[in-house]
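The exercises below ask you to read a structure step by step, with a worked solution after each task. Please keep the sequence and the structure open beside the text as you go.

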Amino acid sequence: MASGEGKKSGEGKKPNANAKGGKKKEVKKETGLGLSYKKEDNFGEWYSEVCVNGEMIEYYDISGCYILRPWTMAVWETMQTFFDAEIKKMKIKNCYFPLFVSPSVLQKEKDHIEGFAPEVAWVTKSGQSDLEVPIAIRPTSETVMYPYYSKWIRGHRDLPLRLNQWCNVVRWEFSHPTPFIRSREFLWQEGHTAFATKEEADTEVLQILELYRRVYEEYLAIPVIKGKKSELEKFAGGYYTTSVEAFIPNTGRGIQGATSHCLGQNFAKMFDITFENEKGEKAMVWQNSWAYSTRTIGVMIMVHGDDKGLVMPPKVASVQIIVVPVPFKDADTQAIFDACDATVKTLNEVGFRAEADLRDNYSPGWKYSHWEMKGVPLRIEIGPKDLANKQVRTVRRDNSAKVDIPMVDLVEQVKAMLDNIQQNLFDVAKQKRDACIKTVRTWNEFIEALGQKKMILAPWCDEMEVEKDVKARTKGETGAAKTLCAPFHQPDLEGVSCFVTGKPAKKWSYWGRSY
């Protein structure tokens, strides 16, 4: 952890500036704040270190579980506020179902539970007594909710039924737990909806997917590709799955950002979710489920973080602007502190999230490193010269650019800078991602691109056995390659052959190793 951790109770409080007499406080220099690992050299260790030193998480005493600290929760709450408002516009209502699932219900949909079985955690004891019937902890809530959909839906006037819940789920991962990316408990929203027609279900799938794109691109400044999952990679028990896919250039791995599934009528059959239509006939509902989780935050850290720590997009940053006083010897420290307070007040009044770091036991240099580690988008420095010139110095976290701006233009210029930082983070991430995309047409080109850590766009015959074969042939220490998604925007297929079998290609898909 950063030197001085736990001594932040004075953060934001005004010390007794220019106090006469008394013992001079020891001012901490820059010590113990840097990262031990570089992003390029050891990505895994760098990522773990950034998550902890940036105060996003703390490791817990149960493997695969993490404490989400306020810096993380602020990001989650910002995304939640956006998404929750959008789904409410769509007449989707929030609810909450229990965490526990009975085995008989969980096992009702065989394909579904087979997909999750290795990850299901079970409660087997109450105190010292064994439970007569073990109880599962939800890995997802289809089987928790749908017996009640069957009860609540009787006629066409009960449709559509559109519910969402913000909750935690437990998946007892055994392979390489990673903060945010693979954890045994995580936060998410899960939407579960039922419709009279397939057309309504299809429409909602894409509406929700567009909201997920907006979460990534507009809030987290991460470019994603919208597309459809292969039959092998779709949601267990579902009809089809759409997703937004991100890519981590440093590791050459794709990462599923969020999913929007059409479940078809499969779960309706299993749970007897039927209704009487307008003609008085009995019909089965069409269902969707869709979710995004705290994994989004891990993708943000991986894509934007650098060797100084986190880099937070302004839209989701807990603190968008940190104001740091830079008093020199014999300077009017009180006037500088007052200017810092006034600057924060001005920015807060117009809706920015700004704070001042007025702790007097840390040097300005230490504070710079500390807030850079935490990824605050914009730093404002105020020293004697700035005070005399009625200006402030701004320093951007994304590119370290320094600009002096007049106090009279503060609000206008800060807004422009934060907007520019948000856009620049997206543009740089897209440029890096696009540089990693390689279009191939043959197996040899595919293997070469895979070795270069590329996100590969390749034509194929869309046969499950072929994808299984690709997985088997590419399996290595770093994991097998698989389809990430077939993008909605498809290149021309005329006269194009499958890169594996040579048969006529049915679609273009992105392939690669993934998290």
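**Exercise 1. State how many residues lie between S10 and S11 in their hairpin, and then describe the pairing and covering of S10.**

Solution. Strands S10 and S11 form a hairpin in which four residues lie between them, and in the turn Gly-252 has a positive phi of about 70°. It should be kept in mind throughout that this is a predicted model.

The next step is the pairing: nine bridges join S10 (residues 240-248) to S11 (residues 253-264), and the two strands run antiparallel. To find one such pair in the structure, start from Thr-242, whose bridge partner in S11 is Ser-260.

S10 is also joined to strand S9 (residues 225-228), by four bridges and again in the antiparallel sense; here Ile-225 stands opposite Glu-245 of S10.

The last step is the covering. Nine of the nine residues of S10 are buried, where buried means a relative accessible area under 20%. Both faces are covered, since one side carries the buried residues Tyr-240, Thr-242, Val-244, Ala-246 and Ile-248, while the other carries Thr-241, Ser-243, Glu-245 and Phe-247, which are buried as well.

**Exercise 2. Determine which strands pair with S8, and how many of its residues are buried.**

Solution. Begin with strand S7 (residues 161-170), which pairs with S8 in the antiparallel sense over ten bridges; within this pairing, Leu-163 has His-192 of S8 as its bridge partner.

Then turn to strand S14 (residues 286-293), which pairs with S8 over eight bridges, also in the antiparallel sense, and in which Ala-291 is the bridge partner of Glu-190.

As for burial, S8 (residues 185-195) is mostly covered, with nine of its eleven residues buried.

**Exercise 3. Work out the strand order of the open sheet that contains S15, name its edge strands, and say which helices lie against it.**

Solution. The sheet is an open one of five strands in the order S16-S15-S17-S18-S19, with mixed pairing. Strands S16 (354-356) and S19 (402-406) each have a single partner strand, so they stand at the edges and one side of each is left without a neighbour in the sheet. On average, and with direction ignored, neighbouring strands are turned by 25° against each other.

At the S16 edge, three bridges join S16 to S15 (residues 321-325), and these two strands run parallel; Ile-321 stands opposite Ala-354 of S16.

Two helices can now be added to the picture. Helix H12 (residues 410-435) packs on the sheet and touches S15, S17, S18 (391-396) and S19, its direction making about 155° with that of S19. Helix H10 (residues 364-373) lies across S15 and S17 (378-382), and runs at about 170° to S15.

**Exercise 4. Decide whether Asn-424 is buried, partly exposed or exposed, and list its contacts beyond its neighbours in sequence.**

Solution. Asn-424 is found in helix H12. Its relative accessible area is 24%, so Asn-424 counts as partly exposed, the class that lies between the limits of 20% and 50%.

When the neighbours within four places in sequence are left aside, Asn-424 is in contact with Arg-396 and Asp-398. Asp-332, by comparison, is 92 residues away along the chain, and the C-alpha atoms of Asn-424 and Asp-332 are separated by 37 Å.

**Exercise 5. Describe how H13 and H14 pack, giving the angle, the distance between their axes and the residues in contact.**

Solution. Two packed helices are described by the angle between their axes and by the distance between those axes. For helices H13 (residues 443-451) and H14 (residues 464-474), the angle is about 50° and the axes are 12 Å apart; the two helices are therefore oblique to each other. Their crossing is right-handed.

H13 contributes Trp-443, Phe-446, Ile-447 and Leu-450 to the contact, and H14 contributes Val-470, Arg-473 and Thr-474. Sorted by class, these residues comprise five nonpolar, one polar and one charged.

Note on methods:
Residues are numbered from 1 along each chain as its sequence is written. This is a predicted model: local features need pLDDT of at least 70, side-chain atom pairs count only at pLDDT 80 or more; totals for chains, interfaces and linings use all residues. Side-chain values use heavy atoms; hydrogens and water are left out. Axes are lines fitted to C-alpha atoms, for helices over the stretch in contact, and angles run from 0 to 180 degrees between N-to-C directions. Angles under 35 degrees count as roughly parallel, over 145 as roughly antiparallel, 65 to 115 as roughly perpendicular and the rest as oblique. A crossing is left-handed if the near helix is turned anticlockwise from the far one by less than a right angle, and right-handed if clockwise. Contact means heavy atoms within 4.5 Å. Ala, Val, Leu, Ile, Met, Phe, Trp, Tyr, Cys and Pro count as nonpolar, Asp, Glu, Lys and Arg as charged, and the others, Gly among them, as polar. Two strands pair if DSSP finds at least two bridges between them. Buried means under 20% relative accessible area, exposed over 50%, partly exposed in between (1.4 Å probe, protein chains only).
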